[in-house]
Amino acid sequence: MKFLEVNPIVLVLINIVSPTMYIFTKASYLQFFLLGFAACLLILMGSFKRLFVLLGIYGVVYAIFETSTGLGVFNSWTSYLVVIIEFVPCLVLASLLISKYSSSQLLSALEGVHLPRTVVIAATITIKYIPAFRREFGYIKESMRLRGIPFTIRRPLRSFKFFIVPQLFRCASLTEEVTAAGLVKGINAPGRRSSYYSQRFRVSDALVLAVFAGGLAAGFVI
Amino acid sequence: MSDTVLEARELGFCYSESEEGIKNNSFKIRKGEVVLLTGDSGSGKTTLLKCLNGLIPSVTEGEITGQLLVGDKDLCEMKMFEKNRFMGSVFQNPRTQFFTENTTSELVFPMENYGMTKADMDKRIGELREEFGLDGLLDRNIHTLSSGERQKVALACALALGQKLLLFDEPSANLDYGSAMRLGRIIKGLKEKGITVIVADHRFYYLSGITDKVLLMNDGSVTCYESEEEFKNSGYDTRSFDLFSIKGFGISGKEERKSGENKRTTPRECVGKITDVSYKNIVSDVSFELYKGEVAALIGSNGVGKTTLARLMCGSIRPTKGKIKTSGMPFYIMQDPDYQLFGTSAENELMMVKKDADEVRTVLESLGLKDKRKAHPFDLSGGQKQRLQIGMAVLCDRDLIIFDEPTSGLDSKSMEKVATRINGLRNKSSVLVISHDYEFIRRVADRVIYLEEGRVKDDYELSEDTLDRLNGAFREMEMKQTCETA
C-alpha cells in the first residue's frame, strides 16, 4: 500500500545533502537518523521489499562490525563496514529514483527546478543507465562462464579487465543509441517541455523535507 | 508534383573519419507509397537512411552535399526537432528504440518534448490506442512485452505526433516469419491511410505485393525501380520476395534430398540428450537428442522458448523438471557478439580459445580477417565480429556448438558465407542453430526441430519429402500471429 507520492527532486536533494552532513554532525547520531528516516519513507512510499533489503544489510553489517570491535579487531575492513553502515540508507533511497520513476518523470521534475536542458538530459540518462548496466553485467558474466573465462577474486585484475572492457565498449554504443532514440523523438526541441506526469512540489514534499531538515538540525544540538 | 513528399537531388554524404559514404542520389517519393530501400551490406543503405531521419548530420559527423527536399524546404538545413514533426523512425533493435521503460511514458515522450498539453496528450493516447490496438499495453514495463507488443508500441510512438512519413530500419532482423508478415499487414494498413513508409531491409518477403518503389543501393549510389515487378526483372537476387519458391538444399542450393538420404548407416555419437525438460511456464516436457555430424535447426515463433532451451543446455539456468546431458559444455554463440568478445585483438580472441598460433592464423586467413588480426575486436564491423565468432567455433574443442540467430541482419551473400562455414563445423561437432531465416535453414539444416508453445511439435530430417512440414511450420507461425492480431 502506498501512502505518499514524493517528488523526485526531494530524493535528489536528500541524496546530495545526506553524505555531506557526515562532515558536520556526529556520525553515531546521523547514521541512526538516516536509517530511521529512510525506513519511514520506504514504508510511506509502499516500498517494503527495499525496506527489508535496507534492514537486512544494515543489521548484518552492523552485527559484524559490533562483533569485530568487541573482539578488539580494528583494521581497514572494519572501516569499510562503517562506510557501508553510514551510506546504505542513502543508496537505498537513491535506488528509488531508478526504479520508481520513469525517464519522463525525472526529466519533468528536473526541468521544474530550471536546470539547463543539457544537464537535465545528461542526469536522466545517467540515472536510467544503471539498470541497463546491471543487465549488461549479467550478460557479460554469463558469456565469460560460457567461454570458460573465470570471474574470480583470486585474479581480480584479470577478471576485472575481461569484465570492464566489453562493458566500456557497450557503454559507448549505448550512449549513441540512447542519444538517437531521444533525438528522433524531439528531445532537443526548443521551448518549454510539458509533462504528462504532474511533478508539482506538494505540501507532502515540503513536510518530508522539513522532517529531514529537522532531523539534521537535531544532530547539531545533541 | 504536388503529391511528392520527399525528393533527393544529387544527395551525397562523406564521413569525416573515412572515405566511405554515398554520392549523387536522386529520387522522388510520393504520398502513400511503400518504398523498399535495399542493397548488400556496406552499400550505403544505413547512411542514406540516417540522412533521411536526420541522424546525419546531427549525430554522425561528415560533409553532406545535394538537397533533400520536402516541398520547398531542404531537410539538410532543418534541425532534427523540425524534421521529427512530420517523420517518425522505428529502429531495428528495441533496445535502441525506447528512451524510457514504461509504455505510456514512451508514448507521451515526444508529445512532452513538443510541449503538448495534458488534455491533448490524453486525446492523442486515446487515438493511438484505437489505431494500434494498445488496449492492455498502456502503463506497462517495456521489457516485459513480447516482440509483437513492443513493435506496436514502437510504431505508435513513431507516429505519436501524427507524422505522415515513417522510416523503418531493418524491422525484420529480430522477427520470426509470422511477426514479419504481420508487420507487412500493418504497413499495408498505414499505406491505405495515406502514410508514406520507407523500409530499409535485406529481407522483403513481408512487403511482397505492397511495394510501390524500390531504391537499390550499390556502392553508395541508388538505382530507383518504379514498381515491384520492375525490381524483380532487374537481375538482383529478389528470391526473398517469395521464400517458398527457393529450390534445393545445401550450400549450393542445388542439392536434391530424398527421405532417408541423411541417415547414416554407422551408429551416430550422441553429444546432447534432453529428456522431459521443463522450465517455468516457458518450456514443457521437451525431449530430443543431438548427434555429431549433423546441423539441427531449432525453429519457432518469437518467445516460444528457443533461447531458453539453449541456456538450459549450457547450464546458465536449471530445468524445473527433466534431465539434460551434454558431452561437455556446449559452445554457445550469442546473437549479439558484443557480449562475447574479451580479447585484446582478433588474434588474441582466437588464442583464448586455442593456444595454437599457426592454426589461429590459418583460421583468420580462411575467414578473411588476416589483415585485421591486430585490430581490437570492438573495432571490427558487425560482419567481421560475426566471422570472428565463427572462428572461435571452428577452433573450440567442444562437441556441441549452438548458434543463436547467426544470420540476423545479414544480406543474402553474407548469409551464404555463414552457411558455408557452419556447414564445415559438422565434421567435428554437432551444431544446433536457432533461426528464423527460412533460406538459411534450407542451406544448412539436416534436421528441423519445431517448437510451439514451449513443446516440440515436430522433429524430422529435412528432405524433399519433409519440405511441406517446414513450409507448414512457417505458415502456422503466420496464422498464429494473424489470430493474435485479430
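The following passage describes the contact between the two domains of chain B in a predicted model. Local features require pLDDT of at least 70 and side-chain atom pairs pLDDT 80 or more, while totals for chains, interfaces and linings use all residues. Side-chain values rest on heavy atoms, without hydrogens and water, residues are numbered from 1 along each chain as its sequence is written, and chains are lettered from A.

Chain B is divided into domain 1 (4-245) and domain 2 (270-330 + 398-485), with bounds taken from an automatic or database domain assignment. The C-alpha centres of these two domains are 31 Å apart. In domain 1 of chain B, 20 residues are in contact with 25 residues of domain 2 of chain B (heavy atoms within 4.5 Å). Between them the domains bury about 2,000 Å², with 45% of this on carbon and sulfur atoms; buried area is the accessible area (1.4 Å probe) that two parts lose on being put together, summed over both. Asp176(B), Arg203(B) and Phe244(B) supply 30% of the area that domain 1 buries against domain 2, more than any other three residues.

Three salt bridges are counted between domain 1 and domain 2 of chain B (a side-chain nitrogen of Lys or Arg within 4 Å of a carboxyl oxygen of Asp or Glu). A salt bridge joins Arg203(B) to Asp437(B), with 2.5 Å between the closest N and O atoms. On the side of domain 1 that touches domain 2, helix H8 (residues 177-192) of chain B, a DSSP run (H or I, at least four residues) numbered from the N terminus, provides the largest share, six residues.

Note on methods: Helices (H or I, at least four residues) and strands (E, at least two) are DSSP runs, numbered from the N terminus.
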